[in-house]
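Colleague: I am new to this one. Could you walk me through how to read a binding site and an enclosed space?

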Amino acid sequence: MLNVKVNDKGHLSIGGADAVELARNYDTPLYVIDEMRIRENYQRLHRAFTRYYPNFQILYACKANTNLTILKILEDEGSGIDAVSPGEIYMALLAGFEPEKILYTGNNLRDDEILFAVESEVMINIDSKSQLLRLSKITDPENIRISFRINPRVGAGHHEHCITGGELSKFGIMEEEAAELYSLAQELGFQPIGIHAHIGSGILDPEPFMLAVERLMDIAGKVSKATGIEFEFIDFGGGLGIPYHPNEEPLDIKRFAEKITGLFMEKLEEHSLGEPAMYLEPGRYIVGDAAYLLTRVNTIKESYRKFAGVDAGFNTLVRPVMYGSYHHIIVANKANEKPAEEIDIAGNLCESGDLFARDRKLPKLEEGDLLAILDAGAYAFSMASQYNSRPRPAEILVKDGKAEIIREREDFSDLINKQVVPPRFLK
Ligand code: LLP
C-alpha cells in the first residue's frame, strides 16, 4: 500500500510541496520529511493502545532518526525516548525531553557511559550482570531508576541482523537469571521499577510479538513473586514493521493493540502485577514512511545491463546494500507515468554493490529525472556516512506545502572536521 500523492503537474507531492521544486531549491541528494506524517503515525499508535489500556507510553527509538527537529516534534506529541548511547541521551535532553521520560538501553557499556546516564538522571535499562555491578560501584543506588532487559528467547525481524532476541542474541539477560539479578539489585540498594524486552525490528507478523509479550509477562510474574517488586512499567520494545513493498500489508494497528493489550491485561491479573504502565519503543513505525530521499539521475548507461546512475549512494541510504532491503522508487517528475522498462538504479560510489535496486520497473528514465526513494525516514540519514569522501545530504521538513531546512548539506570542510595533521607534515 503506497502513501503517495501526485499534484496536478504530475509531480510527487510531499506534505503539500512539489518534490521537483524542492529538489530545484535545495539540490540533491535530499531527505524530505513530512511533519504531519510523523504526527499521524504517533497519534494512530497512541490512540490504538490507550483505547484499551490508558496507562500507555511511547518511547520513540531515536536511533531511527535523531534529527533534533524530529525529536522536538515527538516531544511535543508527548513521547518519551528510547536512547542507546550517551550521544542519544545528549540529543534527547537537548531536544527538551525530561530525563524521567528517557530510558537508556545500552549494550556493552563503559563505566564512563554508565556514569553519564546516572548524571543525566535518566532511567537505566540494564543489559548484563556486569553492568549492574559496575553501576552499583559508581553511584548511590537510591536515586537511580532501573529496569532489566530480558532476552525472552524469542526473536523476529526483517533480516538476521535485526533479530535481537533468542539464543544467538547478545542482548539482555536470560530468563533463568532474571529473578536472581533483580534480587541482587535489591541487595545492592536499588529499587528496580521496570522490565523490558526488545525482540527485533521490522516485524509485520503479530505472532512473535505476542509470544514475547506472553513470555515477558510470565517472567515479570516470577520476578515479582520472588522479590516483591511492583513494576511501574513493562516495556515490550519496538519492532513494529512498515510495508516497504507495495504488496506488503501494513500492520492492522487497531487489531494489534487489541491483541497485545488483551494479553497484557490477562497476564497482569494472572500474576497480580497491578497496573503498571505499558511502554512501546517504536522507531520505524513513527518515522519510516515520513521521509523520502530525492536523488537525480545523471547517467543512463547501456552496458551488459541498463543502469540509471544517481547522485546518492549507500553512504546516503545503506539499507538496500546492508540488508537487501526493498525501497519503493518513484520518478518524482513523472509520477503518473506507467512503468515502461526494467532498469538497475545505481549509486555513485566506487563499489559494485552500490545499488538501490535491480530490474526495477519504472517509467522510461532520462538523464535529469528525479527519483524519490520511499520510506527513507528510519535508519536512513542516521546510518549515513561520508564514505568515498562524499559529504552527507541536507534534510528538510515540509508542512502545509512549506519547506524548512533542518540540517544543512555538508561540504568539504566537514570531510576534514576533527582531522589533525601533525606539524611535521606541514610544509
Ligand atoms: N528498542 C530497542 C532496544 C532497539 O534496539 C530498537 C531497534 C528499537 C527499540 C526500535 O526498533 P524499530 O521499532 O525501529 O523496529 N538498522 C535496521 C534496524 C535496526 C534496529 C535496531 N534496534 C534497519 O535499517 O532495518
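Colleague: How do the residues of the shell around the ligand divide into nonpolar, polar and charged?

Modeller: Sort each shell residue by class, then count. This model is predicted. Here the shell has seven nonpolar, seven polar and six charged residues.

Colleague: Which residues are closest to the ligand?

Modeller: Begin with the whole set, then pick out the closest. The ligand is surrounded by 20 residues. His 158, Ser 201, Glu 281, Arg 319 and Tyr 379 are the closest.

Colleague: What lies 2.6 Å from an N or O atom in the side chain of Arg 319?

Modeller: For polar contacts, look at pairs of N or O atoms within 3.5 Å. Arg 319 pairs through its side chain with an oxygen atom of the ligand, at 2.6 Å. Tyr 323 also uses a side-chain N or O atom, 2.7 Å from a ligand nitrogen. Gly 239 uses its backbone instead: an N or O atom there is 2.8 Å from a ligand oxygen.

Colleague: How much of the ligand does the protein bury?

Modeller: Take the ligand alone, then add the protein. Alone, the ligand exposes 590 Å². The protein buries 92% of that. The ligand's space is the largest pocket.

Colleague: Why does the ligand lie between domain 1 and domain 2?

Modeller: Check which domains supply the shell. Domain 1 (5-34 + 288-415) and domain 2 (35-283) both contribute residues, so the ligand lies between them.

Colleague: And what lines the largest cavity?

Modeller: Read the volume, then the lining. There is one cavity of 30 Å³ or more. The largest cavity has a volume of about 40 Å³. Its lining is Ala 197, Ile 199, Phe 209, Ala 212, Val 213 and Phe 236. By class, that makes six nonpolar residues, no polar and no charged.

Note on methods
Residues numbered from 1 in each chain as written. Predicted model: local features only at pLDDT ≥ 70, side-chain atom pairs only at ≥ 80, totals over all residues. Heavy atoms only, no water. Near = heavy atom within 4 Å. Polar contact = N/O pair within 3.5 Å; in protein donor to acceptor, adjacent residues only side chain to side chain. Areas by Shrake-Rupley, 256 points an atom, 1.4 Å probe, with all protein chains shown as cover. 1 Å grid on protein atoms, 1.4 Å probe; cavity = no way out; pocket = protein on both sides within 12 Å on 5 of 7 lines; lining within 4 Å. Sits in = over half its atoms within 2 Å of the grid points. Nonpolar A, V, L, I, M, F, W, Y, C, P; charged D, E, K, R; others polar. Domains from an automatic or database assignment. Points joined across faces, edges and corners; volume = space filled by probe spheres on them.
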